[in-house]
Amino acid sequence: MEAVLSLPPLVIAGAALVVGVGLVYGWRTFQLCPHCGSLVRRVYRGWLRCGRCGRQYRRGLRLR
Ligand SMILES: [Zn+2]
């Protein structure tokens, strides 16, 4: 923790910003499979098949 505390506040703020942007980007890129809950690619049109449970899912199923 000493290494983290010794960092300049700007570096910490920048790291927090990167993490926040990464989370938003990841949330827009991926979604949770409505059947098994695994992380799958977000559907923009049509249907995709989940690689874990093999069932199809589509955008708009907001079960989680
Ligand atoms: Zn699934």
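**Burial.** I looked up how much of the chain is covered: of its 64 residues, 5% count as buried. The model is a predicted one, and I kept that in mind for the entries below.

**Confidence.** I then checked the pLDDT values. The chain has a mean of 86, and 84% of its residues reach 70 or more. Where is confidence lowest, and where is it highest? Helix H1 (residues 2-5) has the lowest mean, 66, whereas strand S3 (residues 47-49) has the highest, 93. I note for H1 that coordinates should not be read in detail where pLDDT is low.

**Secondary structure.** I counted 2 helices and 4 strands in the chain. Along the sequence I read the order α-α-β-β-β-β. For contacts between residues at least 6 apart in sequence, I found that 13% join residues at least 24 apart.

**Helix H2.** I turned to H2, which spans residues 9-29. Its 21 residues reach 30 Å from the first C-alpha to the last, close to the 30 Å expected at 1.5 Å a residue. How many of the 21 residues of H2 are buried? The count is 0, and I recorded the helix as hardly covered.

**Glycine 26.** I located glycine 26 in helix H2. Why does glycine 26 count as exposed? It has 11 C-beta neighbours inside 10 Å, and a residue with 12 or fewer is classed as exposed. I also looked up its separation from arginine 41: the two are 15 residues apart in sequence, and their C-alpha atoms are 9.7 Å apart in space.

**Threonine 29.** I found threonine 29 in H2 as well. Threonine 29 counts as exposed because it has 10 C-beta neighbours inside 10 Å. From threonine 29 to valine 40 I noted 11 residues in sequence and 8.8 Å in space, C-alpha to C-alpha.

**Proline 34.** I next took a residue from a loop. Proline 34 lies between strand S1 (30-32) and strand S2 (39-41). Is proline 34 buried, exposed or partly exposed? I entered it as partly exposed, because it has 17 C-beta neighbours inside 10 Å, whereas 20 or more would be needed for a buried residue. Its partner in my last distance check was arginine 58, 24 residues away along the chain; the C-alpha atoms of the two are separated by 9.0 Å.

**Closing entry.** I set two results side by side for later reference: 5% of the residues of the chain count as buried, and H2 contributes 0 buried residues.

Notes
Residues are numbered from 1 along each chain as its sequence is written. This is a predicted model: local features need pLDDT of at least 70, side-chain atom pairs count only at pLDDT 80 or more; totals for chains, interfaces and linings use all residues. Two residues are in contact if their C-beta atoms, placed from the backbone, lie within 7 Å. The expected span of a helix is 1.5 Å times one less than its number of residues. pLDDT is the predictor's confidence in each residue, from 0 to 100.
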